[in-house]
Amino acid sequence: MAETAHALPLDPLEPRDLVAPHHDDKSLNETLLDHVWRKPGKGWFMLLGMTSAALGLLVIGVTYTLARGIGVWGNNQPVGWAFDIINFVWWVGIGHAGTLISAILLLFQQKWRTSINRFAEAMTLFAVMCAGLFPLLHTGRPWFAFWLFPYPSTLGAWAQFRSPLVWDVFAISTYLTVSALFWFVGLIPDLAALRDSSKGKLQRTIYGLFALGWRGSGRHWHNYKVGYLLLAGLSTPLVVSVHTIVSFDFAVSQIPGWHATIFPPYFVAGAVFSGFAMVITLIVPARKYLGLRDVITDRHLENMNKVILATGLLVSYGYLMEHFIAWYSMNQYEFWTFYVNRATGPYAGVYWLMITCNVVTPNIFWFKKARTSIPIMWVASIAVNIGMWCERFIIIVTSLSQDFLPSSWDIYTPTWVDWCIYVGTLGLFGTLFLLFLKFVPAVAVSEVKELQLELKHAAHAANGHGADTAGAGTLTHGAH
């Protein structure tokens, strides 16, 4: 029996729901745009203060580095790559979940991506921005960074294309450009909704400027769908190519522990692994405090935990194959790196923390109770990101600190400048993310409405109701 939206009781969410069935277009607008219009609470200001303080550490660290040179870092000989490249690879990996959720799941028509893609896309942009700082500073003279691009030069000087640093420049700049376009195109209908619901002239002007004249006509929607699909097609190969190129920074060398053909797929799996973990870390508190439980349901979280489990098993397989090849090849340098230096050497604590977080922790998601428990998944997601940072530390530092000649071995210890820059990028990421949550819809409103309509029609067809003839503004109990 059809009832009006006002008379319909608020049905509890079912485990398989993607959107709470009692919502209509009006209530979805109110739910998804509410956090943009309402005054931010004390919690938001407190978090912004904390992230801004951390961002101040980035300013201090970068300023001191530019004034004194990168000799103030802990890098030494032979550990020429250290915190800068560790954090670069870690941040790039975190950015991969956004492209996977937005592009690949869109092409495969996975409906559960709809409510989480905006979070993931924003996370991708901010993570890649943080990642780009590290190789830039690592050059020692970032004001000459334009030398890395093949710009027309009267001196005829071209970038050294055999350098992994140049590969990274092209990978990161391409990834950032396509991800930003993809994110912005998806935002246009929602920016127009904010423009139309704005009560102040300044807000209407700003949102109207970024909405690019969107009026919701059939032509606008057609161009939007085509452009969005094309950008998804461009973004999909980037998921594989960008972190494959990052892995080549190591795999093309002869250093023990780096010279491995398994690195490209192993790095891509690790990137998606850490990226989804970061999405869980951010989305769990955000859905609670922004009141988004009706659109970011337990099913979304469970599906993301399944992806974490699958990619965690791939990462575990990569660890296993590294150790197997080191034993099977009978190469004494490889064997020393994996079985002596990493497992029992000066960084053994970091190594075993990596194994615990990346190999043991994801296996709790074999159990449905863990996949649907908010506290368990949130703690596990933090553990995974700690483990992936430890992995990058182990790969880079252990292979360089003890390579071929014992006479050149040395211990790496990060300085306060290293820690300031790293914590500062966390502050930059957090500050940008909090501003995103305040000024932009955290969930794609137009896509959720479209999904709600599809689910409603599918439920009617499955129950034999046919088209909804109860008129505008009505819903049925068959919307489950």
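Is Phe250 buried or exposed? Select it and see: Phe250 is buried, with a relative accessible area of 1%. Keep in mind on this tour that you are looking at a predicted model.

**Stop one: Phe250 and its partner**

Keep Phe250 selected and add Trp81. The two rings form an aromatic pair in an edge-to-face arrangement, with 5.7 Å from centre to centre and 85° between the planes. Now colour the surrounding segments. Trp81 sits in the loop between H2 and helix H3 (83–94), while Phe250 belongs to helix H8 (residues 218–251), so this pair ties together parts that are 169 residues apart in sequence. Unlike the buried Phe250, Trp81 counts as partly exposed, at 23% relative accessibility.

**Stop two: neighbours in sequence**

Next, select Phe146 and Trp147. Here is another edge-to-face aromatic pair, this one with its centres 6.3 Å apart and 80° between the planes. Both residues are partly exposed: relative accessibility is 41% for Phe146 and 43% for Trp147. If you would like to keep hunting for rings, the count for this model comes to 50 aromatic pairs.

**Stop three: two crossing helices**

Hide the side chains for a moment and show H2 (residues 42–68) together with H15 (residues 416–439). How do they meet? Their axes come within 6 Å and cross at roughly 140°. Angles over 145 degrees would count as roughly antiparallel, so H2 and H15 are oblique to each other. Turn the view until one helix lies in front of the other: H2 passes H15 in a left-handed crossing. Then bring the side chains back. What kinds of residues make up the contact of H2 with H15? They divide into 18 nonpolar, nine polar and one charged.

**Stop four: two cysteines**

Finally, select Cys357 and Cys390. Why is there no bond to draw between them? The sulfur of Cys390 is 6.3 Å from the closest cysteine sulfur, which is in Cys357, and that is too far for a bond; a disulfide needs the two sulfur atoms within 2.5 Å. The count for the model comes to zero disulfides. Seen from the other side, Cys357 is in no disulfide, and the nearest cysteine sulfur is that of Cys390. Switch on a surface to check how these residues are placed. Cys357 is buried, with a relative accessible area of 6%, and Cys390 is buried too, at 5%.

How values were computed:
Residues numbered from 1 in each chain as written. Predicted model: local features only at pLDDT ≥ 70, side-chain atom pairs only at ≥ 80, totals over all residues. Heavy atoms only, no water. Axes fitted to C-alpha atoms, helices over the stretch in contact; angles between N-to-C directions. Helix = DSSP H or I, 4+ residues; strand = E, 2+ residues; numbered from the N terminus. Parallel < 35°, antiparallel > 145°, perpendicular 65-115°, else oblique. Left-handed = near helix turned anticlockwise from the far one by under 90°. Nonpolar A, V, L, I, M, F, W, Y, C, P; charged D, E, K, R; others polar. Buried < 20%, exposed > 50% of the residue type's maximum accessible area, 1.4 Å probe, protein only. Phe/Tyr/Trp six-rings, centres within 6.5 Å; stacked < 30°, edge-to-face > 60°.
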